[in-house]
Each structure stands twice: as C-alpha cells, then as structure tokens.
Amino acid sequence: MADPIATGDGDGKRLGEFELRVRAPEGLLFTGPVVALRVPSVDGHLGVLATHAPMLAARRCGIMQVLHPTGEREVMAVGDGFAEVTRKGVSLVVHFLDFPRGIDRQRAHLAMGRALARLRRETEEEGLDLVRAEAALCRSIARLSVCGCGCVMCHEAKAVPRRG
C-alpha cells in the first residue's frame, strides 16, 4: 500500500477530506479536516485516506502524521489506543497526544533515561515494572522524535528490543 502521506503529491489530483477526532482521558485534543493520516498500529502502520473502508484497529505508541487540506504536513507523538474508521471520518482514542511545540525535551530525556535504566536492570520482578518501563520508553522516543532530536541516547533507545 502506498504511503497515504505521500499520495497525491504532484499528480494534480485533489484528495478527498475526512474528519479526524482524537480523544484522550482529558478530553478532545484534536478535531479537524485532513486528507491523509498515518498512525502506528500493532501490525505496523495504518494509512487512511477519505475512501478507506470502515474498520477498527488497535494502535500503539509512536508518531502520527497528518496531511491537512492546505498541504501542510504535521507530526505528533501519540499514545496507545484504538482507531475507528467510518465513512465520515476517523476517531482515535489515545493515552496522550503531544504536538512538538508542547514537548519538554529535557523532561522527555530524563524519562527515557529512567526507563532505560529500569529495562537494563536484571531483576526477578519483571512483570508490571517491565511493561511500565517499555511504555515510558515508547512515550519518550515518540516525543523526542517529533521534536527532531537525534542525539546518541535517542538512537540507542530506539535499538532497545521491546516485546509486542
């Protein structure tokens, strides 16, 4: 499948629009018309255009890419959740949604360091701590990636093997 964010560039055709709604525990975080969407899913990435078939999908933490009707491309850090695609649009239910301008790089680096330290510890108590550390690492990587951080720590963190 072609990357929906790259579709329509230079071919003279206008892509159809659909409504994107993103909700998190604190409420509605984003709503508006878009022409293309790419979000991380448990099976890779989910690309959506206006003609996409209805579906439900489990999503994972990562980078969400949006192509606005104006041609502007936007990236956001997005948490785990679900996606519902209908004929009218897409609804995402997520744990968080962060725009690059609202991300505190220093705080994200500190969180990444703590998560990496927990993952590197050899302990018998893996269970919940391991799952929480992996989730914290994913959040940190997503946030720093949309900010354009390319430091050594970020590159090393991306190489850490994770379950699922």
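This report walks through a predicted model of one protein chain, from its overall layout to selected residues.

## Overall layout

The protein chain has 164 residues, and 40% of them count as buried. It holds three helices and ten strands. The order is simple to state. Starting at the N terminus, the elements run β-β-β-β-β-β-β-β-β-β-α-α-α.

Contacts reach across the sequence. Take the contacts between residues at least 6 apart: 55% of these join residues at least 24 apart. The exposed surface of the protein chain comes to about 9500 Å². Carbon and sulfur atoms supply 52% of that surface.

## Helix α1

Helix α1 covers residues 105–120. Its 16 residues, at 1.5 Å a residue, should span 22 Å. The end C-alpha atoms are 22 Å apart, so the model agrees with the expected span.

Which residues of α1 are buried? They are A108, A111, M112, A115 and L116. Viewed down the axis of α1, these buried residues fall within an arc of 135°, so they line one face of the helix. The other side of α1 carries exposed residues: Q106, R107, R114 and R120. At the N-terminal end, D104 acts as the cap of α1. A side-chain oxygen of D104 lies 3.1 Å from the backbone nitrogen of Q106.

## The salt bridge

The structure holds one salt bridge. It pairs the side chains of R143 and D98, with an N to O distance of 2.3 Å. The pair links distant parts of the chain, 45 residues apart. R143 belongs to helix α2 (residues 127–146), and D98 to strand β10 (residues 97–98).

Are the two partners buried or exposed? D98 has a relative accessible area of 18% and is buried, since the cut-off is under 20%. R143 has a relative accessible area of 22%, so R143 counts as partly exposed.

## F99, in the loop after β10

F99 sits in the loop between β10 and α1. With a relative accessible area of 18%, F99 is buried. Beyond its neighbours within four places in sequence, F99 is in contact with L29, F30, E74 and M76.

V78 gives a further reference point. F99 and V78 are 21 residues apart in sequence. Their C-alpha atoms are 8.9 Å apart in space.

## M64, in strand β6

M64 is part of strand β6 (residues 62–67). How buried is M64? Its relative accessible area is 0%.

Neighbours within four places in sequence aside, M64 is in contact with V22, L37, R38, V39, E74, V75, M76, V78, L92 and L97. E74 is one of these contacts. M64 and E74 are ten residues apart along the chain, and their C-alpha atoms are separated by 8.2 Å. E74 and M76 also appear among the contacts of F99.

## G81 and S91, in strands β8 and β9

G81 lies in strand β8 (residues 81–85). It is buried, with a relative accessible area of 12%. Not counting residues up to four places away in sequence, G81 touches A57, A58, R59, V93 and V94. From G81 to L92 is eleven residues in sequence, and 7.2 Å in space, C-alpha to C-alpha.

S91 is found in strand β9 (residues 89–94). Its side chain makes a polar contact with the side chain of R21, at 2.9 Å. With residues up to four places away left out, S91 touches R21, F82, A83 and E84.

## S41, in strand β3

S41 lies in strand β3 (residues 36–41). What is the relative accessible area of S41? It is 9%, and S41 is buried.

Apart from residues up to four places away in sequence, S41 touches L46, A58, R59 and R60. Two of these names recur: A58 and R59 are also touched by G81.

Terms used: Residues are numbered from 1 along each chain as its sequence is written. This is a predicted model: local features need pLDDT of at least 70, side-chain atom pairs count only at pLDDT 80 or more; totals for chains, interfaces and linings use all residues. Side-chain values use heavy atoms; hydrogens and water are left out. Helices (H or I, at least four residues) and strands (E, at least two) are DSSP runs, numbered from the N terminus. The expected span of a helix is 1.5 Å times one less than its number of residues. Buried means under 20% relative accessible area, exposed over 50%, partly exposed in between (1.4 Å probe, protein chains only). The arc is that of the directions from the helix axis to the C-beta atoms. A polar contact is a pair of N or O atoms within 3.5 Å; within protein, one must be able to donate a hydrogen and the other to accept it, and residues adjacent in sequence count only if both atoms are side-chain atoms. Contact means heavy atoms within 4.5 Å. Accessible areas come from the Shrake-Rupley method with a 1.4 Å probe; for residues, only the protein chains shown count as cover. A salt bridge is a side-chain nitrogen of Lys or Arg within 4 Å of a carboxyl oxygen of Asp or Glu.
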